[in-house]
Amino acid sequence: MVGLEEQQSLPSDRDGDDDIVAEGASVVHGEPPQDENGPPKVDTAVEVLHEKVTKQIIKEGHGQKPSKYSTCFLHCRAWAESTQHKFEDTWHEQQPLELVLGKEKKEMTGLAIGISSMKSGERALLHVGWELGYGKEGSFSFPNVPPMADIVYEVELIGFDETKEGKARSDMTVEERIGAADRRKMDGNALFKEEKLEEAMQQYEMAIAYLGDDFMFQLFGKYRDIALAVKNPCHLNMAACLIKLKRYDEAIAQCGIVLVEDENNVKALFRRGKARAELGQTDAAREDFLKARKYAPQDKAITKELRLLAEQDKVVYEKQKELYKGLFGQRPDPKPQPKNWLILIWQWLLSLFYRLFKRQRQKAD
């Protein structure tokens, strides 16, 4: 097994260990936006893309924009503007949306116009008129959209594939989907080595999108094993990045996905343990590290983390000891109870009378 100690770069693909991202790395990747109060408030300039579509940039992207027939992967939230009813949220579902520009459904025409103006990694707020959305009738099934409803989208373009055919995932063979995911994973590793860290995260996420749950459920035998050999390393890379971003709950979730398929995966146990330790979940972290050590007893990084947990426990114990000492102070010595002389005299007299009575009785006998 490859050690889990901090590394300066990704191991080479030749060794088959391209699933290790350096623990000392730092990755910047935008957090999923929050929507407690509906669509976010954005004060950037309004760009008119179409008579019925406007855009405001929330976060700048990088690189080129997708062209017609590009297969785009994105996260989005969508609200009916008049009612503020949210009818779609791919962040919550943890399943990116796939859209082939030029082959989108009619109700996504406005969204496609917005996506075609974006760069990878860009996040934006789109306002789409009802004519380029769900139309005059709306949608009364799923999603539930009122008639003639203008739509507000909060959308992030994860990335896209330039394909002349505009082939969607559903039209790909098993080998094509696994191959596309593997290329994305290797692209992510290459970008990581170049310290293009945000772009690397997006490549891993796109690789995972090619190997979604709906696809994995259909695989058996060697094809499933091959797909997992691509998918699991992407989750582990994401976890390592998230730990460095101090997004520990998300890192734990990524490790959990791997552990569902491989409950003894040492890297997943190790990284989940690190994330749990950072959250103060020391008992759970220790359990992960001990299980990881069972399968990698010589790994120095695991031993180091267990030692750090033991030292932390000792420090906490000493602090608690000092705290309780300060609160309650030293236990006072018991004070001697004052003697009652009347009771002592009375007890002495009773004892004397008892001895005299006993002596007289013995003489009588």
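How many residues does helix 3 have, and how far does helix 3 reach from its first C-alpha to its last? Select residues 174-193 and you have helix 3 on screen: 20 residues, spanning 29 Å, which is close to the 28 Å expected at 1.5 Å a residue. Keep in mind as you click around that this is a predicted model.

**Stop 1: the buried side of helix 3**

Stay on helix 3 and show side chains. The buried residues here are R177, I178, A180, A181, R184, K185, G188, N189, L191 and F192. An α-helix has 3.6 residues a turn, so residues three or four places apart point the same way. Now bring up the surroundings: the buried residues of helix 3 pack against strand 7, helix 4 (197-210), helix 5 (213-216) and helix 6 (221-244).

**Stop 2: salt bridges**

Next, switch to charged side chains. Side chains of opposite charge can pair when their charged atoms come close. Searching the whole structure turns up 16 salt bridges, and a few make good stops.

Start by picking E131 and K52. Their closest N and O atoms sit 3.3 Å apart, in a salt bridge. E131 is in the loop between strand 6 (123-128) and strand 7 (151-161), while K52 is in the loop between strand 1 (47-50) and strand 2 (53-59), so the pair ties together parts that are 79 residues apart in sequence. Colour by accessibility and E131 comes out partly exposed at 36%; K52 is partly exposed too, at 30%.

**Stop 3: helices 8, 9 and 10**

Now jump to D288 and R276. This salt bridge has its closest N and O atoms 2.9 Å apart. D288 belongs to helix 9 (residues 282-295) and R276 to helix 8 (residues 266-278), so the pair ties together parts that are twelve residues apart in sequence. Are these two buried or exposed? Both D288 and R276 are buried.

Keep helix 9 selected and add R286 and D313, whose side chains meet in a salt bridge at 2.2 Å, N to O. R286 lies in helix 9 and D313 in helix 10 (residues 300-328), so this pair ties together parts that are 27 residues apart in sequence. R286 counts as partly exposed at 21% relative accessibility, just as D313 does at 33%.

**Last stop: a network**

Which residues are linked in a network of salt bridges? Select R77, K86, D89 and E154 together, and you have the network in view.

Key. Residues are numbered from 1 along each chain as its sequence is written. This is a predicted model: local features need pLDDT of at least 70, side-chain atom pairs count only at pLDDT 80 or more; totals for chains, interfaces and linings use all residues. Side-chain values use heavy atoms; hydrogens and water are left out. A salt bridge is a side-chain nitrogen of Lys or Arg within 4 Å of a carboxyl oxygen of Asp or Glu. Helices (H or I, at least four residues) and strands (E, at least two) are DSSP runs, numbered from the N terminus. Buried means under 20% relative accessible area, exposed over 50%, partly exposed in between (1.4 Å probe, protein chains only). The expected span of a helix is 1.5 Å times one less than its number of residues. Contact means heavy atoms within 4.5 Å.
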